[in-house]
Amino acid sequence: MSFSPCPSEPLGCSSIQEQRDRWERKRSRTARELVQTEQRYLQQLELVTTYFVDILKAKGTLKQDIRESIFSSIKAIHSVNQSLLVHLENGYFGRGLDQFCPHLHHYNTYVDNIYNARKVLGIQLKKNKAFRRFKKLQEARAEFNNHKLEDLLHLPIQRIDQYKHFLQDLAANTTPDNPEFQQLSRAVTAVCEVSQRIQNNTRCHENHLQLCRVQKLLKGRKTKVSASGRWYIREGWLKVVPPKGAEAKPKMFFLFSDMLLQAKRCSPLHPTHGSQFTGQHAYPLQDCTLEKVFGHTRSQGGLLSLTFPKAKLLLMSSNQEDLNDWYQSLSSAIRKLQSKQTVVYQRDELCRRPLHSSADRHDTPNSSGNDPSRKRNMVNSEQSEHAQTPAVEWESSAPKRMKQSDASGESSEASASSCVIF
């Protein structure tokens, strides 16, 4: 027995309708999950605002500046999300989200302050006995369900990521002819910007922790690792090949976005610095040329050649994979740093004063070689040339000032938001 579709309903129309029905089912499921999670989210926010922010303000346990440092804009976020929930529960997703997005600046404020909030909270828990006791009593309430304040303070950050996925699913399963499609699309864009801000701030904070960790590994105060715009890339042991054929000695290298730092391990018998390193050389990557001398084949290990204006460094590794990783990391850092400086140079060229014509030069009284201002410029130029050195000897002298890159090409250029690091 053969089956044939109903003549009154073409097969194409039936398949299109089935696709629309699937979209609608997915949209309804996503909308339902969004409402349910929003209700739980608001309940947890209310725990913070009611049992911590409001009561702390009334009791005066914390000063106002400390209280604002810990809780930031969480009360404003709670108020905005209450209005959003009313729209969501009534089924006005497009309208509710469209009115919610202009208030996302409260989330931006919260995002930029989250690491400072953790720091201030930790300090208060150590030093303020009354606050420590108050926090313990509040968290013991049945409403908290064994949740800690630290976990609740992180909820707005997590919620932004949840909004991103919910709104993307809603927009993907909403037909373009639906009146809510444009509203949902705008909401996706706005929430994704906040999500990107969170990612950038997280990377900035992680980079700051890496710089602090390396700084603690280095003995003394001469070797300064933390600098504006500097990004940690990697570290590891490499053998330095001396120019006169002596034995290659292993050294620890720390690669940053603008320099390569060479260090040696302190004596393990030292009572306080046995696990630390002593900084030896800091090689700026701005004018560095990198070449892989050996290691092009599948043989074990290889040799990297780094050429600086007044120095040359030969690095060897017996691990082929490790050598390739170092080569990729170094070449990427050098390329990004040099391309960034090229852009700055081109911008400076546009701002340069126009050259005078030959007639103007003849008419100028000080056009001869006796021009004192020209002599001053020549002296300044000579001094600037002598000031540029490819490597800083950490053991023999204090570190010299070097030009730093404004930010890492990996993340800072993609972020237009402020990155607050503590």
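# Questions about the fold

Biologist: Buried or exposed: which applies to Val214, and what is its relative accessible area?

Modeller: First, this is a predicted model, where local features need pLDDT of at least 70 and side-chain atom pairs count only at pLDDT 80 or more, while totals for chains, interfaces and linings use all residues. Residues are numbered from 1 along each chain as its sequence is written, and side-chain values use heavy atoms, with hydrogens and water left out. Buried means under 20% relative accessible area, exposed over 50% and partly exposed in between (1.4 Å probe, protein chains only). Val214 is therefore buried, and its relative accessible area is 0%.

Biologist: OK, and which residues does Val214 touch, leaving out those up to four places away in sequence?

Modeller: Val214 sits in helix H9 (residues 181–217); helices here are DSSP runs of H or I with at least four residues, strands are E runs of at least two, and both are numbered from the N terminus. A contact means heavy atoms within 4.5 Å. One partner is Glu235, 21 residues from Val214 in sequence and 9.4 Å away in space, C-alpha to C-alpha. Leaving out residues up to four places away, Val214 touches Val225, Tyr232, Glu235, Phe254 and Phe256.

Biologist: Zooming out, what share of the chain's contacts with a separation of 6 or more comes from residues 24 or more positions apart?

Modeller: The chain has twelve helices and eight strands. Of its 422 residues, 40% are buried. Among contacts with a separation of 6 or more, the share from residues 24 or more positions apart is 66%.

Biologist: Now some helix packing. How do H5 and H8 lie with respect to each other?

Modeller: Axes are lines fitted to C-alpha atoms, for helices over the stretch in contact, and angles between N-to-C directions run from 0 to 180 degrees. H5 (residues 105–127) and H8 (residues 155–172) have axes that come within 10 Å and cross at roughly 125°. Under 35 degrees counts as roughly parallel, over 145 as roughly antiparallel, 65 to 115 as roughly perpendicular and the rest as oblique. H5 and H8 are therefore oblique.

Biologist: And how do the residues of the contact of H5 with H8 divide into nonpolar, polar and charged?

Modeller: H5 brings Tyr107, Tyr110, Val111 and Ile114, and H8 brings Pro156, Ile157, Ile160 and Tyr163. Nonpolar covers Ala, Val, Leu, Ile, Met, Phe, Trp, Tyr, Cys and Pro; charged covers Asp, Glu, Lys and Arg; the others, Gly among them, are polar. The contact of H5 with H8 has no charged residues, no polar ones and nonpolar ones numbering eight.

Biologist: What about H3 and H4: how do their contact residues divide?

Modeller: H3 (residues 74–89) and H4 (residues 93–100) pack at about 165° with their axes 8 Å apart, which makes H3 roughly antiparallel to H4. H3 contributes Val80, Asn81, Leu84, His87 and Leu88, while H4 contributes Phe93, Arg95, Gly96, Leu97, Gln99 and Phe100. The residues of this contact are six nonpolar, four polar and one charged.

Biologist: On to the strands. Which residue in S2 is the bridge partner of Trp237?

Modeller: Two strands pair if DSSP finds at least two bridges between them. S1 (residues 232–240) and S2 (residues 249–256) run antiparallel and are joined by eight bridges. S2 is mostly covered, with six of its eight residues buried. The bridge partner of Trp237 in S2 is Met252.

Biologist: Which residue in S3 stands opposite Phe253?

Modeller: A hairpin leads from S2 to S3 through two residues. Four bridges join S2 to S3 (residues 259–265), and the two run antiparallel. Opposite Phe253 in S3 stands Gln262.

Biologist: And at S7, which residue is the bridge partner of Val240?

Modeller: S7 (residues 311–317) is joined to S6 (residues 302–308) by seven antiparallel bridges, and S6 and S7 make a hairpin with two residues between them. S7 also pairs with S1 in the antiparallel sense, over two bridges. In S7, the partner of Val240 is Leu315.

Biologist: Last one: how far apart in space are Asn319 and Gly301, C-alpha to C-alpha?

Modeller: Asn319 lies in the loop between S7 and H10 (320–351). Asn319 counts as partly exposed because its relative accessibility is 40%. Asn319 and Gly301 are 18 residues apart in sequence, and their C-alpha to C-alpha distance is 4.5 Å.
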